[in-house]
Amino acid sequence: MSILTINNLEMHEGHTLIFPAFSLEVSEQEVLSIYTNTNVRTVLIKMFMGEIPISNGEIKVQGISIESSKRDFFVSVGFCCLDDGLYERLTIKDHLSFYQKLYSSPLTVEEGLRIIQLETKKNKPIRHLSLSEKRRIQFGRLLFQNPILYIFEEPDQNADLETKRVFIKLIRELKQQGKTVLIFTSNMESALFVTSQVYRLDETGLQKLEVLSEEEANQEETHTMEKEEEVIVQPVHFEKIPTKVNDKIVLFDPPEIDYIESGQGQSQIYIKGEAYPSVFTMAELEKRLHPYGFFRCHRSYIVNLQKVREVVTFTRNSFSLVLMDAKKSSIPLSKNKMVELKEILRLK
């Protein structure tokens with residue numbers, strides 16, 4: 001059963017495209033993350049909350065949009081945002097009691113305190129709590145609302161390890177109860193925090209990332225090796241590049257990569273300004289990526305030549321490559337590699 005339906009939703013600000021049209025369906029018991037930049041994340045949440053009107057596309061929860069019935073829509077959706085305020089003068093117990101009565105919830109305050117693991121501090125004023133403990137209270141408030149769709153904005157930002165554990169356990173319980181969870185984040189590690197269902201939203205649209213656990217990745221590699229042994233002729237060469245985020249393996253298409261940097265014995269793959277640890281050495285990456293137009297421009301750098309905008313000469317022996325990414329990254333180009341690059345570009 002589809003809980004959340006997004007149809008051809010897009011946003012422009014003047015002549016600037018915030019995000020292109022995309023569609024998404026989220027079913028009952030699904031937990032997924034949308035990984036995007038801070039600006040897009042903020043705009044999306046404001047659209048869900050009705051603070052920004054939807055001029056192109058639609059958002060529906062259980063078939064109901066804000067435009068058709070604001071009351072029914074917000075009964076079905078619960079929000080946990082970064083800027084949510086708390087009644088700082090109240091104790092934790094009094095604060096949760098207020099929301100328990102507001103929503104006439106069958107959940108007891110004691111049970112809510114147990115879930116967010118603040119039983120021992122229930123009589124402590126909120127103003128004396130840490131940021132992580134306040135975050136847990138924000139989680140707890142939603143339990144009394146009991147919506148069908150839970151939306152979290154950066155749930156683990158600046159949170160301690162205990163709060164992260166509380167959140168993971170909370171999500172598992174919500175899923176068992178048949179709830180649907182949507183997480184908005186601008187951090188890949190956070191996107192993979194509680195789910196392997198991760199979508200990236202950027203100027204090219206919405207794409208689902210291929211994410212595997214290490215065990216699944218090893219099984220995939222074994223299967224691929226067995227398949228390669230069976231197949232003698234392989235006319236089409238296609239290979240994704242794995243990166244590691246915590247215990248998850250995220251797969252990227254080579255054209256997505258801007259450049260690779262090596263430092264302190266670790267290769268970092270850069271995509272849209274974010275660095276992802278590689279499971280391969282620079283030599284292995286150079287070999288794998290060469291068929292896709294990648295160039296070892298320096299002992300510590302491999303660059304995607306399709307992303308290069310300029311070749312800059314500083315001195316007779318000093319060169320750099322300027323990329324087309326948002327940061328206009330500058331990559332060093334060694335003198336001997338400059339000669340090789342000229343040959344590739346067929347320049348004299």
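This dialogue considers a pocket, a buried arginine, a helix and a cavity in a predicted model.

Student: How much space lies in the second largest pocket?

Tutor: A pocket is open, whereas a cavity is a space from which the probe cannot get out. In this model, the second largest pocket holds about 670 Å³ of space. Its lining consists of 27 residues, and those closest to its centre are N37, D202, E203, K272 and G273.

Student: Which elements give two or more residues to the lining of the second largest pocket?

Tutor: One helix and three strands do so: α1 (38–48) is the helix, and β2 (16–27), β8 (198–202) and β15 (274–277) are the strands. By residue class, the lining of this pocket has 10 charged, nine nonpolar and eight polar residues.

Student: Let us turn to a single residue. Does R41 count as buried or exposed?

Tutor: A residue is called buried when its relative accessible area is under 20%. R41 has a relative accessibility of 5%, and therefore counts as buried. This residue belongs to helix α1.

Student: Which residues are in contact with R41, leaving aside its neighbours within four places in sequence?

Tutor: The residues in contact with R41 are T36, L82, E153, E154, F184, T185 and S186. With S186 there is also a polar contact between the side chains, at 3.4 Å. As for P242, which is 201 residues away along the chain, its C-alpha atom is separated from that of R41 by 26 Å.

Student: How should a helix be read? Which residues of α3 are buried?

Tutor: One may ask which residues of a helix are buried and what covers them. Helix α3 spans residues 92–102, and its buried residues include I92, H95, L96, S97 and Y99. Among the elements that cover the buried residues of α3 are α4 (109–115) and α5 (131–145).

Student: What is the phi of S104, which follows α3?

Tutor: The phi of S104 is positive, near 50°.

Student: Finally, how many cavities of 30 Å³ or more are there?

Tutor: The count comes to one cavity of 30 Å³ or more. The largest cavity has a volume of about 30 Å³, and its lining is formed by R114, I115, Q117, V166, K169, L170 and E173.

Student: Which element gives the most to the lining of the largest cavity?

Tutor: Helix α6 gives the most, with four residues. Both α4 and α6 (161–176) give two or more residues to this lining. By class, the lining of the largest cavity has three charged, three nonpolar and one polar residue.

Notes. Residues are numbered from 1 along each chain as its sequence is written. This is a predicted model: local features need pLDDT of at least 70, side-chain atom pairs count only at pLDDT 80 or more; totals for chains, interfaces and linings use all residues. Side-chain values use heavy atoms; hydrogens and water are left out. On a 1 Å grid over the protein atoms alone, a cavity is a set of points where a 1.4 Å probe fits but cannot get out, and a pocket is an open set with protein on both sides within 12 Å along at least five of seven lines; lining residues have an atom within 4 Å of a point. Grid points are joined across faces, edges and corners, and a volume is the space filled by probe spheres set on the points. Ala, Val, Leu, Ile, Met, Phe, Trp, Tyr, Cys and Pro count as nonpolar, Asp, Glu, Lys and Arg as charged, and the others, Gly among them, as polar. Buried means under 20% relative accessible area, exposed over 50%, partly exposed in between (1.4 Å probe, protein chains only). Contact means heavy atoms within 4.5 Å. A polar contact is a pair of N or O atoms within 3.5 Å; within protein, one must be able to donate a hydrogen and the other to accept it, and residues adjacent in sequence count only if both atoms are side-chain atoms.
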